[in-house]
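Biologist: I have just opened a structure that is new to me. Could you walk me through how to read it, one feature at a time?

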Amino acid sequence: MDLGILLIFRIGLLALMWLFILSIVRVLRKDLGAAAGPAVVQNRPSLPKLGAKGSVRLLKVIDGPLTGSHMDISTLQELTLGRSQDADFVVGDDYASGRHSRLFKRGSDWYIEDLASRNGTYVMGMRIEQPEKVQVGSDIKIGRTTVRLEP
C-alpha cells in the first residue's frame, strides 16, 4: 500500500511540474507576441514604389545616439555599419556589434545583410536572416539605432 501511495505522489508531482513548465511557455509566448506585434505594425510606413522618388543617396540616423548623422552613399558599392571605428558608418551604439551589418549594391538595388551580430538587424521591424532588398524610406534597426535610406 505504501508503494502505491508513493507512486501516486510521484505522478502528481510530475504532473504539477509539467503544468508549471507549460504555464511558463504560455507566458513567454504571450510576452514575445505582444512585444513583436505592435512594433511590426508601427514601424511599417507606406513605402514609395521602387525608383519612385529617385535612387538612394543618403544613409541617415533617425533614432539613436548619433541622431542626425548621415552619409552620402550614392557613389559607394558597399559599406559596413557598426560600433567599431573600422566600420564605414559608425553608429555609436553599445547594443550594436563592431561590424553589425553590410549594406551593398547589386545593379541599382541596395541590400542589407546581417554580419552574425548578437542583437540582429531589422528591416521595417522584421529581423532578417539573409540579405534583404531595401529602398528609399526603408528603416534599418541596428541595436538601438535606426537608420533610413533617403533620396
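Modeller: Let's go from the overall layout to the core, then to the salt bridges and one histidine. Keep in mind that this is a predicted model.

Biologist: Fine, let's begin with the layout. How many helices and strands does the protein have?

Modeller: Start by listing the elements. Here you get one helix and 11 strands. Read from the N terminus, the order is α-β-β-β-β-β-β-β-β-β-β-β, so the helix comes before the strands, with elements numbered from the N terminus.

Biologist: And how much of the protein is buried?

Modeller: A residue counts as buried when its relative accessible area is under 20%. Of the 151 residues in this protein, 28% are buried. On the outside, about 10000 Å² is exposed, and carbon and sulfur atoms supply 58% of that.

Biologist: What about contacts between parts that are far apart in sequence?

Modeller: You look at pairs at least 6 apart in sequence and ask what share spans a long stretch. In this protein, 43% of those contacts join residues at least 24 apart.

Biologist: Now the inside. Which residues have the most contacts inside the largest nonpolar core?

Modeller: That core has 21 residues, and the ones with the most contacts inside it are Leu59, Ile73, Leu81, Phe89, Leu103, Ile112 and Val134. At least two core residues come from each of strands S1 (58–63), S3 (78–82), S6 (109–114), S10 (139–142) and S11 (145–150).

Biologist: Can we zoom in on one of them? What does Leu81 touch?

Modeller: Leaving out residues up to four places away in sequence, Leu81 touches several others, including Leu59, Phe89, Leu103, Ile112 and Val147. Arg99, His100 and Ser101 are also among its contacts.

Biologist: Next, charged side chains. How many salt bridges does a search of the whole structure find?

Modeller: Five. One of them pairs Arg102 with Glu113, at 2.9 Å from N to O. Arg102 sits in strand S5 (residues 101–106) and Glu113 in strand S6, so this pair ties together parts 11 residues apart in sequence. Glu113 is partly exposed, at 21% relative accessible area. There is a network here too: salt bridges link Glu78, Arg102 and Glu113.

Biologist: Which residue forms a salt bridge with Lys133?

Modeller: Asp109, with the closest N and O atoms 3.3 Å apart. This pair links distant parts of the chain, as Lys133 is in strand S9 (residues 132–134) and Asp109 in strand S6, 24 residues apart. Lys133 counts as partly exposed at 39% relative accessibility, and Asp109 does at 24%.

Biologist: Is there another pair I should click on?

Modeller: Try Arg127 and Glu129, whose side chains meet in a salt bridge at 3.9 Å, N to O. Arg127 is partly exposed at 40% relative accessibility, whereas Glu129 is exposed, with a relative accessible area of 71%.

Biologist: Last one, the histidine. Is His100 buried or exposed?

Modeller: Buried: its relative accessible area is 0%. His100 lies in the loop between strand S4 (89–90) and S5.

Biologist: What polar partners does the side chain of His100 have?

Modeller: For a buried polar side chain, look for N or O atoms around it. A polar atom of the His100 side chain lies 3.0 Å from the backbone nitrogen of Ser97, and a polar contact of 3.5 Å joins the side chains of His100 and Thr121. Apart from residues up to four places away in sequence, His100 touches Leu81, Tyr95, Asp114 and Ile142, among others.

Conventions: Residues are numbered from 1 along each chain as its sequence is written. This is a predicted model: local features need pLDDT of at least 70, side-chain atom pairs count only at pLDDT 80 or more; totals for chains, interfaces and linings use all residues. Side-chain values use heavy atoms; hydrogens and water are left out. A nonpolar core is a set of buried Ala, Val, Leu, Ile, Met, Phe, Trp, Tyr and Cys residues joined through side-chain atoms within 4.5 Å. Buried means under 20% relative accessible area, exposed over 50%, partly exposed in between (1.4 Å probe, protein chains only). Helices (H or I, at least four residues) and strands (E, at least two) are DSSP runs, numbered from the N terminus. Contact means heavy atoms within 4.5 Å. A salt bridge is a side-chain nitrogen of Lys or Arg within 4 Å of a carboxyl oxygen of Asp or Glu. A polar contact is a pair of N or O atoms within 3.5 Å; within protein, one must be able to donate a hydrogen and the other to accept it, and residues adjacent in sequence count only if both atoms are side-chain atoms. Accessible areas come from the Shrake-Rupley method with a 1.4 Å probe; for residues, only the protein chains shown count as cover.
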